[in-house]
Amino acid sequence: MDHLIEVKNLKKYFSTPRGELHAVDNVTLNIERGKTIGIVGESGCGKSTLGKTLMRLHDATSGEVLYNGTDIAGMPIKEFKKNYRSNIQMIFQDPYASLDPRMNVLQLVEEPIRVNHKEFSKTEVTKKAQEMMELVGLAARLESSYPHELDGGRRQRIGIARALSLDPDFIVCDEPVSALDVSIQAQILNLLQDLQEERGLTFMFITHDMSVVKHISDDIAVMYLGQVIEKCPAKEIFKNTIHPYSQALLSAIPIPNVHISKQRMVLKGELTSPIDPKKCCRFAERCPYAEDKCRAEEPVLRELKPGHAAACHYAEKFIPQGTP
Ligand code: SF4
């Protein structure tokens with residue numbers, strides 16, 4: 001397989017007065033060139049920290065992030081910014097918060113081009129920005145509009161145009177549609193898919209919404225308290241979920257049909273603290289199937305079927321019957 005990104009044993013810990021917060025803890029995953037990996041999990045599971053660590057917005061505590069075979073997590077930040085910043089870009093959740101309200105649309109799209117291409121003349125910067133606006137479906141008449149005059153969908157298109165303006169091949173999309181109305185969400189998801197096809201982009205798509213991830217992902221990694229607890233092709237997780245936590249996440253997806261009833265798996269119990277966590281299954285306090293071993297030993301992420309891995313001591317019990 002042709003992996004653009006390989007993440008190996010990545011850790012990002014934060015020091016707090018109470019101890020070390022294990023925001024990302026020993027994450028290993030690969031992202032195939034031109035494909036999308038969906039990173040899912042509830043708030044606080046470490047998915048955004050993972051994306052920001054890949055982008056070098058956080059420095060990794062340890063581990064590797066290979067981009068085209070080169071470790072970008074371990075290199076000096078100056079070298080990363082000079083040689084790799086334009087290849088790896090991010091689309092943020094709240095475009096309004098990430099846009100300077102004093103700049104108009106054209107200036108906002110021009111900004112990253114001007115900063116990263118000092119060799120470009122003013123005319124070349126403007127031409128490139130106008131091309132990016134057209135690419136993401138922002139009409140030329142909006143050039144002089146300000147972010148507060150636009151709806152959420154158009155503001156997110158500015159964020160996408162800014163990310164694309166440096167011609168990256170890998171983009172971390174951090175909850176890019178969760179602040180948008182449902183009808184606009186579909187437009188932005190379709191735009192991202194079209195851009196991926198046209199430009200061969202590779203995406204890491206971070207979300208807490210399983211129905212969104214179903215629409216866009218080729219592969220899925222489910223995170224729980226800083227760790228990947230299940231990963232597999234996207235279709236596989238929706239048919240043959242193994243880990244009890246993934247089962248609970250999927251059971252929460254509403255079905256738009258009043259004639260179909262669905263049993264929701266409601267999680268009870270306290271969330272384990274991510275500060276200096278014990279060596280045990282971090283889901284044990286909420287798992288309906290927990291046994292003594294779960295509270296005494298940390299399960300490892302292991303392949304149970306080709307391409308399908310889960311971190312659970314009793315995973316074999318949860319493989320749906322009759323699956324190949
Ligand atoms: Fe549940 Fe135990 Fe599996 Fe953890 S290891 S998910 S507690 S059964």
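Select G38 and I220: the bridge partner of G38 in strand 9 is I220. Strands here are DSSP runs of E of at least two residues, helices are runs of H or I of at least four, and both are numbered from the N terminus. The model is predicted, so local features need pLDDT of at least 70 and side-chain atom pairs count only at pLDDT 80 or more, while totals for chains, interfaces and linings use all residues. Residues are numbered from 1 along each chain as its sequence is written, and side-chain values use heavy atoms, leaving out hydrogens and water.

Widen the selection to residues 36-40 and 219-224. These are strand 3 and strand 9, which run parallel and are joined by four bridges. Two strands count as paired if DSSP finds at least two bridges between them.

Now show the whole sheet around them. It is open, has eight strands in the order 6-7-8-3-9-10-12-11, and its pairing is mixed. Strand 6 (88-91) and strand 11 (302-305) are the edge strands, each pairing on one side only. Neighbouring strands are turned by 25 degrees against each other on average, direction ignored. Axes are lines fitted to C-alpha atoms, for helices over the stretch in contact, and angles run from 0 to 180 degrees between N-to-C directions.

At the strand 11 edge, select K305 and H308; K305 stands opposite H308 in strand 12. Strand 12 covers residues 308-310 and runs antiparallel to strand 11, with three bridges between them. The two strands form a hairpin with two residues between them, and G307 in the turn has a positive phi of about 80 degrees.

Next, select helix 6 (residues 152-164), which lies across strand 6 and strand 7 at about 175 degrees to strand 6. Helix 1 (residues 47-54) lies across strands including strand 3 and strand 8 (202-207), and runs at about 150 degrees to strand 8. Contact means heavy atoms within 4.5 Å.

Move to the other sheet. Four strands form this open sheet in the order 2-1-4-5, with antiparallel pairing. Its edge strands are strand 2 (19-32) and strand 5 (70-71). Helix 1 packs on this sheet too, touching strand 1, strand 2 and strand 4, at about 115 degrees to strand 1. Select E6, which stands opposite L66 in strand 4.

Finish at the ligand. Which residues surround it? Among them are H243, P244, C281, F283, C312, H313 and Y314, where a residue is near if one of its heavy atoms lies within 4 Å.
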